[in-house]
Amino acid sequence: MSDLRRFRIGVLGSGKGSNFEAIAQACATGIVPAEVALVLSDCPDAGILARAKERGIPARYIPPGPFKTKLDDAAERAYVEALQAAAVDLVALAGFMRVLKSTLLNAFAGRIVNIHPSLLPSFPGLAAWKQALDYGVKVTGCTVHFVDAGVDSGPIIGQQIVPVLDDDTPESLHARIHAAEHELYPRCLAAIARGQVRVQGRRVTFQRAA
Ligand code: GRF
């Protein structure tokens, strides 16, 4: 068993890294049959880098270049090289605040996933929990999806519902969505690592475990 190669996940994040933590913990306990092989960030002080180092997981800041919402070409190539050098099977975005372009999308075609804090296709983009609250929906949640060239638009792998309460503030709703993310993301990654996930066009289905 021990000589079997483990499924390798590269995590990209710009923020505090609570989803990374949930993923790494689920890998450590065997709930996700995989390992986090590498963490990359576009922010030198991101909490996700510190959390990875605490766990002994290789973690690097790679400068994003001059743009605010995407990586420049050289930076995208540097991310690809780092992920390929770490032999990752899957790239998991966890609060990575930049849109990916073709260099990364082509290098890991069909092998990049993201978590978004709403029930897509509702409320793509920034501060989705606040969009949901302002709109007045009674339920929202989170979505794990494959990444394509659009913003939060790729095929949906899994979703978890979070009710909107009458006394919710953006902060309280965001906190409950975050807690749901920490359950949903490892669950989806476990299914991918086990080879249970099938994609046909926009439809993603799960094969039962043997
Ligand atoms: C999460 O809410 C995720 O849905 C969004 O960015 C946030 C990242 O949070 N894409 P964290 O850094 O994992 O705590």
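How many nonpolar, polar and charged residues does the shell around the ligand have? I started there, keeping in mind that this is a predicted model. My tally by class came out at 2 nonpolar, 8 polar and 2 charged.

**Who is in the shell**

I listed the residues around the ligand next. One stretch is Gly15, Lys16, Gly17, Ser18 and Asn19. Then come Gly95 and the run Ile115, His116 and Pro117. His174, His178 and Glu181 finish the list.

I also checked which elements they sit on. Helix 1 (18–28), strand 5 (112–116) and helix 6 (170–193) each give at least two residues to the shell. Helix 6 has the largest share, with 3 residues.

**Backbone contacts**

I looked up polar backbone atoms facing the ligand's oxygens. Gly17 has one at 2.8 Å from a ligand oxygen, and for Asn19 I again read 2.8 Å. For Lys16, a backbone N or O atom lies 3.4 Å from an oxygen atom of the ligand. On its own the ligand has 370 Å² of accessible area, and the protein covers 88% of that.

**The pocket**

Where does the ligand sit? I found it in the largest pocket. I noted a volume of about 820 Å³ for that pocket and a lining of 33 residues. Nearest the centre are Gly95, Phe96, Met97, Asn114 and Ile115. Helix 1, strand 5, helix 5 (128–135) and helix 6 are the elements that give two or more residues to this lining.

Last, I ran the class tally on the lining of the largest pocket: 15 nonpolar, 13 polar and 5 charged.

Key
Residues numbered from 1 in each chain as written. Predicted model: local features only at pLDDT ≥ 70, side-chain atom pairs only at ≥ 80, totals over all residues. Heavy atoms only, no water. Near = heavy atom within 4 Å. Polar contact = N/O pair within 3.5 Å; in protein donor to acceptor, adjacent residues only side chain to side chain. Areas by Shrake-Rupley, 256 points an atom, 1.4 Å probe, with all protein chains shown as cover. 1 Å grid on protein atoms, 1.4 Å probe; cavity = no way out; pocket = protein on both sides within 12 Å on 5 of 7 lines; lining within 4 Å. Sits in = over half its atoms within 2 Å of the grid points. Helix = DSSP H or I, 4+ residues; strand = E, 2+ residues; numbered from the N terminus. Nonpolar A, V, L, I, M, F, W, Y, C, P; charged D, E, K, R; others polar. Points joined across faces, edges and corners; volume = space filled by probe spheres on them.
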